[in-house]
Amino acid sequence: MEQIEIGSSGIRASRIGLGTWAIGGWMWGGIDEREAIATIQRAVGLGVTLIDTAPVYGFGRSEEIVGKALKEAGLRGKVQIATKAGLDWKDGKVFRDSRAARLRTEVEDSLRRLQTDVLDVYQIHWPDLETPLEETARVLEDLRREGKIRAIGVSNFSPAQMDAFRAVATLDAVQPPYNLFERDIEADVLPYAARTGLTVLSYGAICRGLLSGRIDASTTYEGDDLRKIDPKFSGERFQEYLAAVQALEALARERFGKSVLALAVRWVLDKGPTIALWGARRPQQLDPVGEILGWHIDAQSMADIDAILARCIREPIAPTYMAPPVKRP
Ligand code: NAP
């Protein structure tokens, strides 16, 4: 497994991270707990040591399942747990809250659910525009000094917000969306991270399954699965993205003898100081891990990939529909 240090924290982590949003069930049409536990344990067996979760994923469920999977197999010492704070919920509605009191409560809740005494990476999930960033940064720095967390991260933050945060606390990581189809961070967050020594935990490495090569026009989704409302998964846009997947699959096979999923995750790893967060909830979904490691995408192929994307997708769209409301209720 390839590894990377998270910022200046001294923590080394695998460059492929297991994403556990779907393991919480919420917005992914439910979950089978035994399969989820087996997935987490298999990931660690394959050398994936960074596990990304959040309180809001299933309103505690994802963290609980991660804690259970690690405890049951005695794996806590082998992994780095990255979790988050700064989102609250009421009656199934999510809102931002990164006030000091909320973060103090959340850290204790996460430690309990994850059955651990320290969180390796603690990230603010979304910027709370109603709370001064300094207040949020200060409490995280205090939590680090107290030994409850080891590294600090932010998610969905702009460079200006990170500048304000870094004036108060040492920042180690940033977690933005980043994959072949969602590349906005190349204009700002990615160069900022490279310049300031942050590790980028890129989320949605296979664009919610679109880049797995397994999705086509006949794929259906259960219950509250977010792909029912994702604009990439419907209408003409969906056809454009599917055409891009087909062309990328051909390139991956002809040049590298790889699947489009392996190409997509490798592409994230070859773009900067990144960890590719790849969500899985069934053990066999992790079969391609080995196929991603030990090779690189050359400059000509990078350019050819850009040309495929430009040819197939007329107007790329960002995953802005995921953002929780800015105002507290
Ligand atoms: P993703 O990694 O792009 O896609 C995950 C989905 O792809 C899986 O749930 C699975 O869906 C499908 N999949 C995975 N492996 C597959 C395989 N081998 N073959 C076919 N399909 C496969 O999306 P994501 O889970 O949204 O993102 C990764 C992680 O990033 C999350 O789990 C979470 O930890 C983090 N994240 C963070 C934020 C944030 O705001 N900070 C936002 C989004 C995500 P099915 O099981 O339905 O097939």
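This is a short dialogue on reading one residue and one ligand site.

Me: What kind of model is this, and how are residues numbered?

Reply: It is a predicted model, in which local features need pLDDT of at least 70, side-chain atom pairs count only at pLDDT 80 or more, and totals for chains, interfaces and linings use all residues. Residues are numbered from 1 along each chain as its sequence is written, and side-chain values use heavy atoms, with hydrogens and water left out.

Me: Is isoleucine 81 buried or exposed?

Reply: Buried means under 20% relative accessible area, exposed over 50%, and partly exposed in between (1.4 Å probe, protein chains only). Isoleucine 81 has a relative accessible area of 0% and is buried.

Me: Which residues does isoleucine 81 touch?

Reply: Contact means heavy atoms within 4.5 Å. Not counting residues up to four places away in sequence, isoleucine 81 touches Ile51, Thr53, Leu70, Arg76, Leu114, Thr116, Leu119, Asp120 and Val121.

Me: How many residues surround the ligand, and which are the closest?

Reply: A residue is near a molecule if one of its heavy atoms lies within 4 Å of it. Here 30 residues surround the ligand, the closest being Asp52, Arg208, Arg227, Gly279 and Arg281.

Me: Where does a polar side-chain atom of serine 155 lie relative to the ligand?

Reply: A polar contact with the ligand is a pair of N or O atoms within 3.5 Å. A polar side-chain atom of serine 155 lies 2.8 Å from a nitrogen atom of the ligand, while for tyrosine 57 such an atom lies 3.4 Å from a ligand nitrogen atom, and a backbone N or O atom of arginine 208 lies 2.7 Å from a ligand oxygen atom.

Methods:
A polar contact is a pair of N or O atoms within 3.5 Å; within protein, one must be able to donate a hydrogen and the other to accept it, and residues adjacent in sequence count only if both atoms are side-chain atoms.
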